[in-house]
Amino acid sequence: MTDLRLQIHGGHEAEARLREVLAREGFRIVEPPKPETGAHSVLVVEPDGHPQGPHAPLGRGETARKIEELERTVLELRNLDVAKSQFLTNVSHELRTPLTAIVTYGEILRDGMLGEITPRQREAIESMIGSCRQLLAMIEEILTYARTNAQAISIQPSSFPVEEVVRTVFDMNASLVERKGLEFETALTPGLPRVYADRDKVAHVLGNLIGNAIDFTPDGGRVRVVARRAAHDPRWIEVGVEDTGIGIDAAHHDLIFQEFAQVDASRARIHHGTGLGLAIARQFVRLHGGRIWVESELGEGSRFYFTLPSVEVNEEASARSAVAEGAAA
């Protein structure tokens, strides 16, 4: 989901209306730094790309007109975004049904249920089934993105050890690790508290990061999963996936978390996909109140990290809620 970032100054009527418009359309409002003592607070509007500073504020009528234009633009963008999500959902569902049928009949042929087949025929059928499964995975990713973008996804948190999810995701990718001759390591700090999160969402995020690490790491490389208490707040758990792959240029660190983004967007690119995996991962992490980021240089491998709340965060929140309810009573 695209972030629209505006800096709003002042507390007059026009600002209140602008805040109402943005809040109604689902934007998250980030408060600006407090103005210096004695400074005049104004609503900064930037028409035609030329900022108007505090010494050249727009008049009340002009400001109202600009806000009306912004309101119409925001509504148009929201409608286009909804239409895009609906289109993606409809097309994905229409594609998934015939692809599933192709996989099913391919498996029937492969297993000889319609007669014996030659080794070359079996190899061709296996290739067909594998390609269809790859397309189905991409379609499922698009559907997940559409649901997330429509804010139709919520989390169902529970407490569980993070190492359980790491083990589950590794088991799902073990054959790929073995095929590429990769060294898979884990470095999980002993005695970590259980995380309080949606297990399926965490598995999806970790699966995406480990899958990318395997995909972008040359044969014989190393993939490492780490888990430790977060430096900014020890009640949170920081999970990371590190690899010795091709790395990512610093100029592309923000790009890779955008929807449909590809560092290499050419048709001849080696690594294929929808460009939605990291965008979905970011949304899932944000649903938990955490953040996700990358540390990487081209040719030096990549290190992706994300944070999750532990049960200690949930226990503290529950304690505060109980105190508040007691005070209200």
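# Exercises on a predicted chain

Leaving out residues up to four places away in sequence, Ala213 touches Val223, Val241 and Asp243. The model is predicted. The exercises below start from this residue.

## Exercise 1. Place Ala213

Task: find which helix holds Ala213, and decide whether Ala213 is buried or exposed.

Solution.
- Step 1. Locate the residue. Ala213 sits in helix H5.
- Step 2. Take its relative accessibility, which is 2%. Buried means under 20%. Ala213 therefore counts as buried.
- Step 3. Check a long-range pair. Ala213 and Thr244 are 31 residues apart in sequence. Their C-alpha atoms are 8.3 Å apart in space.

## Exercise 2. Test the length of H5

Task: compare the expected span of helix H5 with the distance between its end C-alpha atoms.

Solution.
- Step 1. Count residues. H5 covers residues 199–216, which is 18 residues.
- Step 2. Apply 1.5 Å a residue. The expected span uses one less than the number of residues. H5 should span 26 Å.
- Step 3. Compare. The end C-alpha atoms are 26 Å apart, so the two values agree.
- Step 4. Inspect the N-terminal end. Asp198 caps it. A side-chain oxygen of Asp198 lies 3.1 Å from the backbone nitrogen of Asp200.
- Step 5. List the covered positions. The buried residues in H5 are Lys201, Val202, Val205, Leu206, Asn208, Leu209, Ile210, Ala213 and Ile214.
- Step 6. Consider the spacing. An α-helix has 3.6 residues a turn, so residues three or four places apart point the same way.

## Exercise 3. Describe the cover of H6

Task: state how many residues of helix H6 are buried, and which ones they are.

Solution.
- Step 1. H6 runs over residues 277–287. Nine of its 11 residues are buried, so the helix is mostly covered.
- Step 2. The buried ones are Gly277, Leu278, Ala279, Ile280, Ala281, Arg282, Gln283, Phe284 and Val285.
- Step 3. Look past the helix. Gly289 follows H6 and has a positive phi, near 85 degrees.

## Exercise 4. Analyse three salt bridges

Task: for the pairs of Glu238, Arg235 and Asp111, name the partner and give the N to O distance.

Solution.
- Step 1. Recall the principle. Side chains of opposite charge can pair when their charged atoms come close.
- Step 2. Glu238 pairs with Arg228, with the closest N and O atoms 2.8 Å apart. The pair links distant parts of the chain: Glu238 is in strand S5 (residues 236–243) and Arg228 is in strand S4 (residues 222–229), 10 residues apart.
- Step 3. Check the cover of this pair. Glu238 is buried at 11%. Arg228 is partly exposed at 31%.
- Step 4. Arg235 pairs with Glu316, and their closest N and O atoms are 2.6 Å apart. Arg235 lies in the loop between S4 and S5 and Glu316 in helix H7 (residues 311–328), so the bridge ties together parts that are 81 residues apart in sequence.
- Step 5. Check the cover again. Arg235 is partly exposed at 26%. Glu316 is partly exposed too, at 34%.
- Step 6. Look for a network. Salt bridges that share partners join Glu185, Arg222, Arg224 and Glu242 into one network.
- Step 7. Asp111 meets Arg110 in a salt bridge of 3.1 Å, N to O. Asp111 is partly exposed at 47%, whereas Arg110 is buried at 19%.
- Step 8. Take the count for the chain. It comes to 14 salt bridges.

## Exercise 5. Contrast Thr307 with Leu95

Task: decide how covered Thr307 and Leu95 are, and describe their surroundings.

Solution.
- Step 1. Thr307 is in strand S7 (residues 302–309). With a relative accessible area of 3%, Thr307 is buried.
- Step 2. Leave aside neighbours within four places in sequence. Thr307 then contacts Ala230, His232, Trp236, Ile237, Glu238, Val285, Gly290, Arg291 and Trp293. Glu238 is the S5 partner of Arg228, and Val285 is one of the buried residues of H6.
- Step 3. Leu95 lies in helix H2 (residues 60–110). At 43%, Leu95 is partly exposed.
- Step 4. Leu95 joins Phe87 and Val91 in a nonpolar surface patch of about 270 Å².

## Exercise 6. Summarise the chain

Task: give the helix and strand counts, the order of elements and the buried share.

Solution.
- Step 1. The chain has seven helices and seven strands.
- Step 2. Along the sequence, the order is α-α-α-β-α-β-β-α-β-β-α-β-β-α.
- Step 3. Of its 329 residues, 35% count as buried.
- Step 4. Among contacts with a separation of 6 or more, 71% join residues 24 or more positions apart.
- Step 5. The chain exposes about 19700 Å², and carbon and sulfur atoms supply 54% of it.

Methods:
Residues are numbered from 1 along each chain as its sequence is written. This is a predicted model: local features need pLDDT of at least 70, side-chain atom pairs count only at pLDDT 80 or more; totals for chains, interfaces and linings use all residues. Side-chain values use heavy atoms; hydrogens and water are left out. Patches are made of residues with over 30% relative accessible area and no salt bridge: like charges are joined within 9 Å, nonpolar side chains (Val, Leu, Ile, Met, Phe, Trp, Tyr) within 5 Å. Accessible areas come from the Shrake-Rupley method with a 1.4 Å probe; for residues, only the protein chains shown count as cover. A salt bridge is a side-chain nitrogen of Lys or Arg within 4 Å of a carboxyl oxygen of Asp or Glu. Helices (H or I, at least four residues) and strands (E, at least two) are DSSP runs, numbered from the N terminus. Buried means under 20% relative accessible area, exposed over 50%, partly exposed in between (1.4 Å probe, protein chains only). Contact means heavy atoms within 4.5 Å. A polar contact is a pair of N or O atoms within 3.5 Å; within protein, one must be able to donate a hydrogen and the other to accept it, and residues adjacent in sequence count only if both atoms are side-chain atoms.
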